Amino acid sequence: MKRVFAFVGFSIAITLFLLNCLPFESAKFILLSAVILLILSLLIKALRQERVMPLVFGSAVFACLIFIISMQSNVQVQKNLDGKTACCSFQIVDIESKTEGEYLYTVKTNFVDLPDAPQNIKLKVKANGKINADYYDNVNGLVTFYSFADNGFDSYGDYGDGIFIRAKLINSEAKANNKKPPNYYIIKLRLKIKDILYDNLDEEKAGLGLSLFTGDKRLLNDDIKESFQVCGISHMTAVSGLHISIICLSIYFLLKLLRVPRIPCTVVTLAVLLVYSGIADFSKSVIRAGIMITAMLISKLVNNKADTLNSLGFAVFIICLNPFAVTDAGAVLTVSAVVGLSVIKPAIDIRIRPENKALRYFYDGFFTGVCVLAATFPAMWFFFGNVSLLALILNIIGIPLLELALISLLLLCLLSPIPFLAFIPKCLSSFSLGSLIDIADFSKSHFEFLYLNVSDGLYGVMIAGALLLIAFSLLATNKIDIKTVAALISVMVVTVTAFSVFDYRSNAYLTVSADGAVIVRDRDTMLAIDIDENGDCYLLEDIVGTKKYDTSVAINSLKCQNGITDALPNTEFASYDGEMPYLCEHISVSYENDILCVSVYNKVFKIYEDYVTIDSCKVYRDVYDRFSQTGDTTFVVTENAEIQIKQAVLGLFGFILFD
C-alpha cells in the first residue's frame, strides 16, 4: 500500500481535531467507536485485504489514547492548581512580551510547593514589573495559579505549546545560573537579530522584517498587521514551510554552485535548518516543514524521489504526538496549503497549464492561490471567519518580494559586523519590506470589499456538502471527478454567499461569550457590554474583523478599554448607572430595576448578572460553572423578529442551528 504515512498522519490529525472540538467526556465514546470499527475492519476479509480501513481506524484508536492520556496526566492535573497560591522555583525560557504595563513570561518550573502538585511544568506568568533575571536563571517567587482556557482552541496555541495553566506573580527573587542550556544561546541570537534589524531599518520595516524572518509578531505594527490580514498575505508574517524552503534551499543551491560535494552540502543545509528552526521558536509549522525538507534532502542522497503527501503525513504524525498541535491555526493552514499544492494543483495542471513560459508564470501564481484558498477555506472558516480574495493576485507579487526580503535579511544579519558589505542587503531589505507595506496599504484602502466575512453557519453547511460530494465521487468512481466536483462546489459557493450576504444585511445578532460578555450588532451598529476579559476582546476582534461601524458603544467595559478601541475605534463608553445611549431604530437599550434590557427588532433581551434571557431561552454568563460547557452563544434576530440560536458547542463543524 502506497503512502502509509499519509493515511496514518491525516487520520490521527482529523481524529485529534474532532476530540479537541468536543467535551472531554465524549473522548471515551469516540475511542470505543474506533475500537469497534477497527475490529470490524479486521474481521471483514475485503476490508482487511485492502488494509486502508484497518490503518485508518487503528490510527484513530492511537489518537484517542494519546489524547485521553495527555488530558488526564497533564491538563486536568495542572488545572487542579486553579485558584491556589504557592511558592515556586522556575526559569524564564522564552522572550517576554509586554502589554499595558504588564509583562508575560514563559517559564518552566523546577519546584511547586504544594501537596501532590505537578512539578517541572511549563506555564505563563504575568508580572506587574520586569523580573530582574536572565534567561534560565533560577527565580524563586510566590504565584497564584489560574485557568485561562477550557480547550486547545480557546488557548490560542498555548495548549499546543504545553501550557495548560497560568499564574500571577506576587513577588520574586532571582539567583544566577551559570549552566545555560543550548536554547539560551538561541534566545540570545533572536535578540541579536532584533537589535540588528532595528539598528539598520526604520521601526515599521524592522518590525515587519522581524516577523517575516523569525515569526515574532510582538513588535509588528498593528496597521501593517491589519493590512496584511485584509490582503490575505498575513501567512508571510508567520514562519512556515515557505520561509524554511526559501532559506534552506537557497543555502543548498548556493553550496551546489560552489561545487560543494553532496554529503557536506546536505549536512550544512540541515545544520542551517536546525538553527533557523530555533530562531523561529520551533513552531509547529516550522517542525512540519523541517521534517519534509529533511526527508527531501535525505532522499536526494539516495537518488530517491520523495513523495510529498507521504512526507507530509509523516510530518503530521510527528507533530500529532502532541495531541493539541492540531488546535494551532498556523499548523493547520500550512498543512492544508501543502495538500492544495500537492493534490489539487497537479490535477488542474494536467488539463489547462499553458506551454508559454510567460503565461505559465502568471498561471502558476494565480492557480496556486486558488488551490491554496480552496484547501485552506475550511480552516479559515473555522478559525477566523474571514477570507481574502485579494490573496489570489497579491501572492503573485508578494512571494517574490518575500523571497528577496528573507535572503537580504539573512545577508544583513550575517554581514552586519562589516558595514560596507552590509550596505547592499540593507538597501534590498528596505526596498522589499517597504514595497510589501505599500502594496498592502494600497490594496486595503482600495479593495477592502474583497475581504469577505464567511463566519456564517451556512458556509459550514457548504463545507460539509463539499466534503460529502468528494467522498461520494471517491466511492462511486474510485477517483475525484475534478470537473464535476469543481462545478458543483462553485454553484454551492455562489448560492451560499448570496444567502449569507442577504442574511448579514437584514439580520441582527446578540452574542453571549463564554467569558460573560454580551455583544449586539447589525450591519451598522455595535454594542459591547461587560468586555472585561482578554477573551472578550479576542472575540470582539473576531466578530468585528475589519468592518467599521457607524455607531459603537461599550457599557461598563473600562477595564479593557484599550482592547475595545483597537477593535472599535471612536467607541462611546457608558455605564449602567448613566443615561442609556441611543443606538439605532432596530436596537435600543434601557435600564430597569437593575436589569439591562436590549431590544432587537422588538425582541427584548434581559441581561442579568449571571445570565441573559429571551422568551424561554436562558444563557448563563458564569464561565466557571455551567457556561464553561456551552461556549459562545449567538441569538440571530430576523427583521420580522423571529429568532434562531447559533450555539458554538464546538462540534463537527463548530455550530448547531435550530429554531
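This report walks through a few features of a predicted model: one helix and its surface patch, a strand hairpin, and some salt bridges.

## Helix 2 and its two sides

Let's start with helix 2, which covers residues 27–43. Helix 2 is 17 residues long and spans 24 Å from its first C-alpha to its last. That is close to the 24 Å you would expect at 1.5 Å a residue.

Which residues of helix 2 are buried? They are A27, I30, L31, A34 and S41. If you look down the axis of helix 2, the buried residues fall within an arc of 100°, so they line one face of the helix. Now turn to the face that points away from the buried side: there you'll find the exposed residues K28, F29, L32 and L43.

## A nonpolar patch on the surface

Some residues group into a nonpolar patch on the surface: L32, V35, I36, L37, I39, L40, L43, I44, L47 and M53. Together they have about 820 Å² of accessible area. Helix 2 supplies the largest share of this patch, with 7 residues.

V35 is one of the patch residues, and V35 lies in helix 2. Is V35 buried, partly exposed or exposed? Its relative accessible area is 30%, so V35 counts as partly exposed.

## A hairpin made of two strands

Next, have a look at strand 14 (residues 587–592) and strand 15 (residues 595–600). These strands run antiparallel, and 6 bridges join them. Across the pair, V589 stands opposite V598 in strand 15. The two strands form a hairpin with 2 residues between them. In the turn, N593 has a positive phi of about 50°.

I595 is also worth finding, and you can spot it in strand 15. I595 counts as buried because its relative accessibility is 18%, and the cut-off for buried is under 20%. I595 and Y576 are 19 residues apart along the chain, and their C-alpha atoms are separated by 9.1 Å.

## Salt bridges across the chain

How many salt bridges does a search of the whole structure find? The search turns up 11. One of them links D94 with R190, where the closest N and O atoms are 3.1 Å apart. D94 sits in the loop between strand 1 (85–92) and strand 2 (97–99), while R190 belongs to helix 5 (residues 182–200), so this pair ties together parts that are 96 residues apart in sequence. Both D94 and R190 are buried.

Another salt bridge joins K444 and E226, with 3.8 Å between the closest N and O atoms. K444 is in helix 15 (residues 419–447) and E226 is in helix 7 (residues 222–231), so the pair ties together parts that are 218 residues apart in sequence. The partners don't match in exposure: K444 counts as buried at 17% relative accessibility, whereas E226 is partly exposed at 24%.

## Salt bridges closer to home

The side chains of K345 and D349 also meet in a salt bridge, at 3.1 Å from N to O. These two residues are 4 apart in helix 12 (residues 329–352), so about one helical turn separates them. K345 has a relative accessibility of 8%, so K345 counts as buried.

Finally, K124, D158 and R166 are joined into one network by salt bridges that share partners.

Key:
Residues are numbered from 1 along each chain as its sequence is written. This is a predicted model: local features need pLDDT of at least 70, side-chain atom pairs count only at pLDDT 80 or more; totals for chains, interfaces and linings use all residues. Side-chain values use heavy atoms; hydrogens and water are left out. Patches are made of residues with over 30% relative accessible area and no salt bridge: like charges are joined within 9 Å, nonpolar side chains (Val, Leu, Ile, Met, Phe, Trp, Tyr) within 5 Å. Accessible areas come from the Shrake-Rupley method with a 1.4 Å probe; for residues, only the protein chains shown count as cover. A salt bridge is a side-chain nitrogen of Lys or Arg within 4 Å of a carboxyl oxygen of Asp or Glu. Buried means under 20% relative accessible area, exposed over 50%, partly exposed in between (1.4 Å probe, protein chains only). Two strands pair if DSSP finds at least two bridges between them. The expected span of a helix is 1.5 Å times one less than its number of residues. The arc is that of the directions from the helix axis to the C-beta atoms.
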